[in-house]
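The following exercises concern helix packing, burial and chain contacts. Each task is followed by a solution in steps.

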Amino acid sequence: MASLIDLANPTRFMRFSAVLLPWLAAIATLLIVVGLYLAWFKAPADYQQGETIRIMFIHVPAAWLAMMFYSMMALSALGTLVWRHPLADVAQKAAAPIGACFALICLITGALWGKPMWGTYWVWDARLTSVLVLLLIYLGIIALWRVLDDPSRAARAVAILTLVGFVNVPIIKFSVDWWNTLHQPASVLRMGGPTIHPSMLWPLLILAVGFTLMALALHMVAMRAEIMRRRVRTLTILEAERLDRLAAQGAPA
Amino acid sequence: MSGFLEGLGPHAGFILASYGTAALVLVGLTLAILRDHAAQKRALDALERRGAGRRSGREAT
């Protein structure tokens, strides 16, 4: 099996991802279908929250993925700044829109869950506000990538912003413990194990793995597109230089 | 269908809106990524067909 170092090469990554992608997409689809079936038709209504508990099955995986993708981007940022890894900034750029979408889903589904349970769509408490800040950081990173034309300059600037913004990830995770908040404390990823009944925990975990594999498959496709975009940029510059030379020599292009 | 909606209780609208929004965002994201991938592949194929990777004009002279 190829090591991670072997894959740290765009050509090898393109070959490896072409083989892996169909499997990743198929397993993700299967898990999401099974997870949704269990979430809608097997999981019972909650004794306090009633049927609205079904929102949890997308809200919680979306929250986890929004934080997971940001953590992956922070690791990539280290790869860009410290090791100048050839795929690090490609991975980072491709991850930002995916993480932003999951942060958006988390906020919207949270608001739609909050209205019937808390009586309000939004409160400016620590958990909700820190997730909104995460979405704004994602949008800032996407904007910064678009502002700077040179990919290597943009990568370094984005890497610094990403690392600074990473301070928000532990704040999101521990906000429910550090401050008074309407949001419930952690009930799955906590010391002492999950407090959710298995009839709800299994659909949640299956959907979480399914959405994670789907997000990783999308990330891989986005990375492939970014590698090709950079190749197109390089070839366009080379072609322009070649045409300039031919024009200078008086030969037809 | 109405039985299904009644089974979701008084907050059916919130539940369905949550799933609908998530589906809309994820389908939009998937389509955007696949379209970008296809566009880059087309552009790269076109450049390679034109021999844009040649580093000098010597081959053409």
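Angles between axes under 35 degrees count as roughly parallel, over 145 as roughly antiparallel, 65 to 115 as roughly perpendicular and the rest as oblique. The model is predicted, so local features need pLDDT of at least 70 and side-chain atom pairs count only at pLDDT 80 or more, while totals for chains, interfaces and linings use all residues. Residues are numbered from 1 along each chain as its sequence is written, and chains are lettered from A and ligands numbered from 1 in the order in which they are written.

**Exercise 1.** Classify the packing of H5(A) and H6(A), and list the residues that form the contact.

Step 1. Helices (H or I, at least four residues) and strands (E, at least two) are DSSP runs, numbered from the N terminus. Axes are lines fitted to C-alpha atoms, for helices over the stretch in contact, and angles run from 0 to 180 degrees between N-to-C directions.

Step 2. Helix H5 (residues 126–147) and helix H6 (residues 151–165) of chain A pack with axes 9 Å apart, at an angle of about 170 degrees. H5(A) and H6(A) are therefore roughly antiparallel to each other.

Step 3. Two residues are in contact if their C-beta atoms, placed from the backbone, lie within 7 Å. H5(A) contributes Ile137(A), Gly140(A), Ile141(A), Leu144(A) and Trp145(A), and H6(A) contributes Ala154(A), Ala157(A), Val158(A), Leu161(A), Thr162(A) and Gly165(A).

Step 4. Ala, Val, Leu, Ile, Met, Phe, Trp, Tyr, Cys and Pro count as nonpolar, Asp, Glu, Lys and Arg as charged, and the others, Gly among them, as polar. The contact of H5(A) with H6(A) has 8 nonpolar, 3 polar and no charged residues.

**Exercise 2.** Which residues have the most contacts inside the largest nonpolar core, and which helix supplies the largest share of this core?

Step 1. A residue is buried if 20 or more other C-beta atoms lie within 10 Å of its own, exposed if 12 or fewer, and partly exposed in between. A nonpolar core is a set of buried Ala, Val, Leu, Ile, Met, Phe, Trp, Tyr and Cys residues joined through C-beta atoms within 7 Å.

Step 2. The largest such core has 77 residues, and Ala66(A), Phe102(A) and Ala103(A) have the most contacts inside it. Its largest share, 21 residues, comes from H8(A).

Step 3. Leaving out residues up to four places away in sequence, Ala103(A) touches Ala66(A), Val131(A), Leu134(A), Leu135(A) and Tyr138(A).

Step 4. Leu213(A) is found in helix H8 of chain A. Leu213(A) is buried, with 20 other C-beta atoms within 10 Å. With the same exclusion of residues up to four places away, Leu213(A) touches Leu24(A), Ile27(A), Ala28(A) and Leu31(A).

**Exercise 3.** Describe H2(B) and the contact of chain B with chain A.

Step 1. Chain B has 2 helices and 0 strands, and 15% of its 61 residues count as buried.

Step 2. H2(B) has 38 residues and reaches 55 Å from its first C-alpha to its last, close to the 56 Å expected at 1.5 Å a residue; the expected span is 1.5 Å times one less than the number of residues.

Step 3. Buried residues of H2(B) include Phe14(B), Ile15(B) and Ser18(B). Their cover includes H3, H4 and H8 of chain A.

Step 4. The contact takes 32 residues from chain B and 35 residues from chain A. On the chain B side, these divide into 16 nonpolar, 11 polar and 5 charged.
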